[in-house]
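Hi,

Here is the structure I promised to pass on. Have a look at it first, and then read on for what turned up.

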Amino acid sequence: MKATIKPLLQRKAWKSLGTHKKQIEKLHLRDLFAKDAKRGERLTAEGAGLYLDYSKNRVNDQTLKLLFQLAKESGLREKTDAMFSGEKINITENRAVLHVALRAPRNATIKVDGKNVVPEVHAVLDKMAAFCKRVRNGEWKGHTGKPIKNVINIGIGGSDLGPVMAYEALRHYSKRDMTFRFVSNVDGIDFVEAVHGLAHDETLFIVSSKTFTTLETMTNAETARAWLLNGLGGDKKAVAKHFVAVSTNAEKVSAFGIDTANMFGFWDWVGGRYSMDSAIGLSTMLAVGPEGFLAMLRGFHEMDEHFRTAPLEKNLPVLMALLNVWYNDFFDAQTVAVLPYEQYLKRFPAYLQQLTMESNGKHVSLDGKQVKYDTGAIFWGEPGTNGQHSFYQLIHQGTRLIPCDFIAFGHALTPLGRHHDILLANVFAQSEALAFGKTPAQVKAEGTPDWLVPHRVFEGNRPSNTILADRLTPEILGALIALYEHSVFTQGAIWNINSFDQWGVELGKALAQRIIPELEDAAEPKLKHDSSTNNLIRRYRKMRKAQ
């Protein structure tokens with residue numbers, strides 16, 4: 001990477017964008033479309049089966065020119081090459097960042113410390129595929145000789161959000177005579193509801209923890225083992241028939257009772273939130289089969305190649321990232337709404353919350369200096385059309401600017417009468433309404449009384465992207481996830497932050513380990529927290545005794 005990249009606030013394009021924003025901030029999307037009859041066709045891009053319409057954004061050609069210049073001045077291409085070539089760009093942990101290797105074709109070469117890691121990746125994929133075939137065809141038998149009918153994935157963070165999102169997204173393609181459930185929360189309700197109604201001797205648990213020490217995951221795993229043994233007469237040999245592990249700690253996996261032959265590994269150059277296409281996706285492969293999982297990986301890889309090779313002006317992740325920077329840093333837009341008009345993608349916004357906010361929720365730059373600009377936005381959302389009867393009111397007529405990403409598909413996976421036409425009509429109508437609104441003159445022309453007119457005016461000029469694909473397939477899901485992965489990376493590259501560490505999750509976890517014995521000890525502990533925390537601990541201890 002070039003060492004001559006200037007701090008963000010000193011880059012020429014950044015300064016020019018600040019001036020440019022003042023010049024166009026009052027320009028309405030109505031004016032932009034009126035002046036350019038082809039705008040809706042011109043400001044589009046395609047790649048990896050996805051079509052992006054970004055014409056309903058508050059930008060003109062000069063805005064885009066400056067944003068592309070900012071990407072160049074930020075060393076985006078050099079940083080991208082560094083990531084794909086296995087350089088240790090996660091500098092605070094001295095690690096490479098190679099989720100792209102997880103979906104590289106078998107004949108690719110991607111090196112870490114001089115070693116090609118692609119053969120290792122495919123060895124794990126082959127091992128996963130062989131295991132999944134045995135479970136899916138009934139060859140794998142539980143302790144009593146019955147085949148597995150239920151799979152429960154135990155993980156947290158990236159070991160849960162990716163698998164549960166992928167299962168819900170690809171449920172149409174899943175093995176319907178099997179049940180898939182997911183446990184992440186240390187709240188006991190999560191486990192109790194997950195195993196409710198399931199037969200012990202037909203249930204397989206996947207425990208996903210790299211170190212096999214994650215507090216929440218291992219608490220749930222121990223509870224799962226106790227549940228299993230309680231239902232199968234206490235024979236500890238049953239554990240090996242009903243548990244497999246996604247981990248790198250063979251010693252702890254074996255001590256738990258899991259046969260290490262059924263341990264699936266991954267690597268420290270894969271961050272948790274980027275790991276759903278590694279062995280962390282074992283539950284996904286069990287659900288959709290090896291062929292479906294490999295198809296998803298092909299979609300990931302196709303978007304990887306698009307991001308790596310497409311010119312900035314036609315590069316989907318780059319375009320989306322630059323627009324996010326534009327609104328986040330120049331319009332003070334603090335959130336982004338992700339609105340999939342596809343019920344199968346109901347968990348996609350939750351997945352993106354970790355991907356985006358854990359990656360770019362940083363307050364210091366790569367050199368450890370406090371940033372003087374906003375970094376990661378808050379991502380949130382729900383499927384359409386549900387959100388239209390909920391929070392869309394604020395997006396349309398509220399006082400905050402909320403850029404939106406609409407996601408839709410040309411074909412329904414479950415065609416049902418007019419449903420899909422109505423669904424898509426709402427996608428197009430919402431983006432149109434956000435962009436163009438309704439003027440007081442238009443409201444009055446409808447015969448609205450003068451006193452009511454202000455309440456029915458829509459200011460418009462609310463920006464949005466629309467992402468279209470033919471239908472939701474495993475390939476398209478992979479491409480869609482990779483689109484946002486590389487958008488996150490691009491934003492981090494511009495802000496000069498490390499998108500691949502997550503030290504912010506450590507402090508609360510460390511304090512919790514200190515507090516647990518203070519809650520559970522029989523003797524009254526000597527508390528040394530602040531007065532609020534001390535009081536809450538004492539109050540909880542009294543509540544426990546009152547049981």
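**Helix α7 and its surroundings**

The buried residues of α7 pack against three strands, β5 (150-154), β6 (179-183) and β7 (203-208), and against the helices α12, α14 (348-360) and α19 (474-495). Please keep in mind that this is a predicted model. Helix α7 is mostly covered, with 12 of its 12 residues buried. Among them are Gly158, Asp160, Pro163, Met165, Tyr167 and Glu168. Its length works out nicely too: at 1.5 Å a residue, the 12 residues of α7 (158-169) should span 16 Å, and the end C-alpha atoms are indeed 16 Å apart.

**The six-stranded sheet**

Next, the sheet. Its 6 strands form an open arrangement in the order β1-β2-β13-β12-β10-β11, and the pairing is mixed. At the edges sit β1 (44-47) and β11 (378-380), each of which pairs on one side only. On average, neighbouring strands of this sheet are turned by 20° against each other, direction ignored.

Helix α16 (residues 419-436) packs on the sheet, where it touches β12 and β13, and its direction makes about 155° with that of β12.

You can follow some of the pairing residue by residue. Strands β10 (335-340) and β11 are parallel and share 3 bridges, with Ala337 bridged to Trp380 of β11. Between β10 and β12 there are 4 bridges, again in the parallel sense; here Leu339 has Phe406 of β12 as its partner. Strand β12 is also joined to β13 (464-469) by 6 bridges, and these two run parallel. One pair to look for there is Ala408 with Leu468 of β13.

**How enclosed is β12?**

Strand β12 (404-409) is largely enclosed by the rest of the structure, because 6 of its 6 residues are buried. In a regular strand, side chains alternate between the two faces of the sheet. Both faces of β12 are covered: Cys404, Phe406 and Ala408 are buried on one side, and Asp405, Ile407 and Phe409 are buried on the other.

**A buried asparagine in a loop**

One last residue to click on is Asn315, in the loop between α12 (282-309) and α13 (316-330). Is Asn315 buried or exposed? With a relative accessible area of 0%, Asn315 is buried. Beyond its neighbours within four places in sequence, Asn315 is in contact with Arg77, His306, Phe307 and Ala310. A polar atom of the Asn315 side chain lies 3.5 Å from the backbone oxygen of His306.

Happy browsing, and best wishes!

Key. Residues are numbered from 1 along each chain as its sequence is written. This is a predicted model: local features need pLDDT of at least 70, side-chain atom pairs count only at pLDDT 80 or more; totals for chains, interfaces and linings use all residues. Side-chain values use heavy atoms; hydrogens and water are left out. Buried means under 20% relative accessible area, exposed over 50%, partly exposed in between (1.4 Å probe, protein chains only). A polar contact is a pair of N or O atoms within 3.5 Å; within protein, one must be able to donate a hydrogen and the other to accept it, and residues adjacent in sequence count only if both atoms are side-chain atoms. Contact means heavy atoms within 4.5 Å. Two strands pair if DSSP finds at least two bridges between them. The expected span of a helix is 1.5 Å times one less than its number of residues. Axes are lines fitted to C-alpha atoms, for helices over the stretch in contact, and angles run from 0 to 180 degrees between N-to-C directions.
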